[in-house]
Every structure is written in structure tokens, then in C-alpha cells.
Amino acid sequence: MDAKNGPVLDASVVGQQETSAGVESLNQSVDEMFIKVDQLEQKLNEVEQFYSSPNTKQPNTPKGGSNPKDKDSEKFLASFKKRQQDAARREAAAAKRMQELMRQFGTILRQITQHKWSGPFMQPVDVVGLGLHDYYEVIEKPMDFSTIKSKMEAKDGTGYKNVREICADVRLIFKNAMKYNKERDDVHVMARTLLDKFETKWLQLLPKVDEEEKRRKEEEAEIQQDMQLAQEAAHAKMARDLSFELDEIDTHLEKLRETVLQKCRKMTTEEKKRLGSAITRLSPEDINKALEIVAKNNPVFQPGGETVEVDIDAQSESTLWKLKFFVKDTLQAQMKSSPSAGGNNNGENNQNSNNRRKREICDALAKTSQKKSKKLPT
């Protein structure tokens with residue numbers, strides 16, 4: 001501290017604070033990127049799972065730019081909304097028709113239950129009172145008209161879905177009685193007589209039931225198709241959005257990479273030599289990619305000639321670090337994918353045929369690296 005001028009800030013401390021703030025900002029950007037990528041991965045998994053179905057068409061997902069089928073999608077959505085409205089109207093109409101069938105079936109039930117012989121079938125069998133100890137051994141599913149009535153009036157979703165279900169239970173009442181009682185018993189005769197009357201009246205209603213069931217199947221098929229189309233439209237939109245969001249992620253990653261590269265320390269002469277040596281171990285195709293990295297930040301550089309001379313000391317720090325990251329990733333990938341010893345003859349032959357190109361790059365890098373021997377600050 002200066003007694004006259006007050007406290008004096010240390011320049012190194014200020015620099016460290018600025019560096020720490022920069023690192024913290026980069027870490028935050030990376031964290032945000034990870035969160036975004038996780039969200040996109042979840043969406044991608046959902047889309048992939050949907051389109052893995054054999055009956056699902058793959059969407060058109062143009063990369064960047066406007067989608068030429070956006071107008072068609074808008075027309076489809078408008079048409080689909082109209083189909084949904086029509087489906088709702090059809091569902092309401094079907095409910096009314098079902099109510100009418102139930103009403104007509106209720107008329108049949110009243111005619112049967114008002115018959116003079118219907119008494120034994122109106123309530124559940126009094127097994128204990130009548131001493132029918134083997135009743136539940138003979139009859140698997142007891143049934144009576146009071147139970148049918150309760151189920152017809154149920155509002156909790158446990159009621160009958162259609163008149164065929166009611167018809168089956170009415171038949172069960174009489175068949176149970178005929179099964180448990182002997183053929184000459186009064187209850188057996190009464191049950192058979194009422195069953196015959198019921199079947200006669202049921203045959204009169206059956207054509208309407210068949211027609212309604214056929215109509216319902218057709219409408220349900222249309223509803224299923226509409227649901228499938230709705231899912232395809234929703235997932236197609238999700239796929240398009242994913243494509244655009246992935247483009248944005250790529251852009252952000254590139255900006256983040258550039259920011260990191262700009263803040264990198266300067267590469268030492270020894271590191272440049274190791275980089276030049278590592279480049280020579282690349283395949284000809286990857287060497288061309290490395291030269292493209294140089295050309296990207298140096299428009300004057302021409303990588304397409306027969307003899308290429310690269311002044312490695314003249315490259316910017318961002319270019320050098322880009323090359324280092326590229327070479328490191330490429331060589332690691334080569335090591336993972338390389339076959340076992342003795343099985344790489346074809347690869348060796350191909351590499352030997354391109355040795356001249358590699359030697360030219362190697363010589364150029366070594367030459368220019370040695371030409372400037374001054375050390376760069378670390």
C-alpha cells in the first residue's frame with residue numbers, strides 16, 4: 001500500500017480475476033449447452049421410437065432454411081381440425097343411436113320380466129334359504145334380472161358397453177336355471193319358455209344391432225387413422241424443430257470453440273514440432289483435412305498443389321490449436337478402429353502408395369519449424 005496514494009491493485013491479481021471470470025463464464029456456457037443437449041436427446045429418442053414403427057412414415061426434415069412443405073402442413077392441420085370436429089359429431093350421434101338401441105332392448109326386458117313366470121329369475125337365487133349347497137359348484141356365474149338392471153343403470157363405467165353384453169347375461173339367467181334344474185322341473189320349463197320368447201324378440205332387434213356395430217367399426221377405424229395422422233404431424237414437427245435446434249447447437253459450439261481457442265496460451269516450439277510429426281501419421285485424406293483447417297484461417301494458403309509448404313510458425317494460435325485437437329481426435333479414432341497385427345496388409349499398401357504426399361508435408365513442416373528457432377513465451 002502506498003501511504004500517499006492509497007491502496008494499489010496488483011496487475012497480476014487483476015489478471016487472475018479476469019481469467020477466473022472468463023473461465024466461470026465458459027463453464028456456465030458449457031453447462032447450459034449440456035442441459036440443452038440432454039433435452040434434445042430426450043426429444044430425439046421420442047421421435048426415433050415413434051418412427052421405428054413399421055407403419056410410420058419417415059418425416060422430411062430439411063436442414064436449415066424454410067420448409068417448402070410448411071403451407072401443406074398448415075392445410076393438413078386445418079383439415080385435421082375439421083376431421084376432429086366431424087369425429088366429435090359422429091361420436092355424439094353414435095351415443096344417441098346406442099341409447100335408442102338400449103331403449104328398444106329395455107322394452108324387450110320389460111316384456112320378459114312382466115311375464116307371469118319371471119318371478120324365480122328377478123332376484124339372486126337364495127342358496128342358503130333353499131338349501132342349495134352345491135349351487136356354486138354347478139353354476140360358475142350366477143345371474144338375475146335385478147343384477148342386469150343395476151348394471152344397466154351404472155354410471156361409474158362398470159355398466160354394459162353394448163346390447164350384446166346385456167343379451168348374453170339374459171341368456172345366462174335362463175341357461176343357469178336349465179343347467180341346475182332337471183328337465184321336467186317347473187323352473188327348468190319356465191326358463192326354457194322365457195328364453196324362447198326372448199330369442200324371438202332379440203332376432204327382431206338384431207339387424208339394427210348388426211348395422212350399428214358395422215357403422216361403429218368403420219367410425220373407429222377413421223378415428224384410429226386420424227389419431228395416427230395427428231401423431232405423425234406432431235412428431236414430424238418435432239423432428240423439424242429438432243433439426244433447427246441442432247443447427248443452433250452446432251453454431252453455439254463453434255462460437256464456444258472459437259472463444260476457447262482465442263484464450264489458449266501460445267504453443268511452444270517443441271509443441272509445434274510434435275504437432276508437425278503427428279500430422280505425418282495421418283492418412284492422406286486426413287492430411288487434406290488438416291490443410292483445410294490451415295486454409296480456413298489463411299485465405300492466401302493454397303492446399304491443392306502438388307507440393308505444399310506450410311509455415312507452421314506463421315499460423316495463428318487458434319489455427320495451431322485447432323490442428324492439435326483435430327490430429328489428437330483423428331489419431332485416437334485410428335487407434336480404436338485399427339485391426340490386429342498381421343491383418344493390415346491392405347492398409348499398409350494403400351499408405352505406401354501415398355507416402356510421397358506425406359513426405360512432402362512432413363518436409364515442409366520440419367523445414368519451416370527449423371527455419372524459425374526463436375521460442376515463444378509459454
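**Briefing: an all-helix predicted model**

Of the 26 residues in the largest nonpolar core, Phe 105, Phe 121, Phe 145, Ile 148, Phe 174 and Trp 202 touch the most other members. The model is predicted. Its protein chain has 11 helices and zero strands, and 30% of the 378 residues count as buried.

**Overall layout**

- Read from the N terminus, the elements of the protein chain run α-α-α-α-α-α-α-α-α-α-α.
- Taking contacts between residues at least 6 apart in sequence, 78% join residues at least 24 apart.

**The largest nonpolar core and a second core**

- The six residues that touch the most other members of the largest core include Phe 121 and Ile 148.
- Two or more residues of this core come from each of α2 (70-113), α4 (145-152), α5 (163-180) and α6 (186-262).
- Helix α6 gives the largest share, nine residues.
- Trp 202, when residues up to four places away in sequence are not counted, touches Phe 105, Ile 108, Val 163, Arg 164, Cys 167, Arg 171 and Val 209.
- Among these partners, Phe 105 is also listed with Trp 202 as one of the residues that touch the most other members of the core.
- There is a second, separate core of 21 residues, and Ile 287, Ala 290, Val 308 and Phe 326 are among them.

**Packing of α7 against α9**

- Helix α7 covers residues 269-279 and helix α9 covers residues 317-337; the two pack at an angle of about 45°, and their axes are 10 Å apart.
- Because an angle of about 45° is neither under 35 degrees nor within 65 to 115, α7 and α9 are oblique to each other.
- Their crossing is left-handed.
- On the α7 side the contact is made by Glu 271, Lys 272, Leu 275, Ala 278 and Ile 279, and on the α9 side by Leu 320, Leu 323, Lys 324, Val 327 and Leu 331.
- Sorted by class, this contact has seven nonpolar residues, three charged residues and no polar ones.

**Thr 319 in α9**

- Helix α9 also holds Thr 319.
- Thr 319 has a relative accessible area of 1%, and the cut-off for buried is under 20%, so Thr 319 is buried.
- Apart from neighbours within four places in sequence, Thr 319 is in contact with Ile 293, Val 294 and Asn 297.

Terms used: Residues numbered from 1 in each chain as written. Predicted model: local features only at pLDDT ≥ 70, side-chain atom pairs only at ≥ 80, totals over all residues. Heavy atoms only, no water. Axes fitted to C-alpha atoms, helices over the stretch in contact; angles between N-to-C directions. Helix = DSSP H or I, 4+ residues; strand = E, 2+ residues; numbered from the N terminus. Parallel < 35°, antiparallel > 145°, perpendicular 65-115°, else oblique. Left-handed = near helix turned anticlockwise from the far one by under 90°. Contact = heavy atoms within 4.5 Å. Nonpolar A, V, L, I, M, F, W, Y, C, P; charged D, E, K, R; others polar. Core = buried A, V, L, I, M, F, W, Y, C linked by side-chain atoms within 4.5 Å. Buried < 20%, exposed > 50% of the residue type's maximum accessible area, 1.4 Å probe, protein only.
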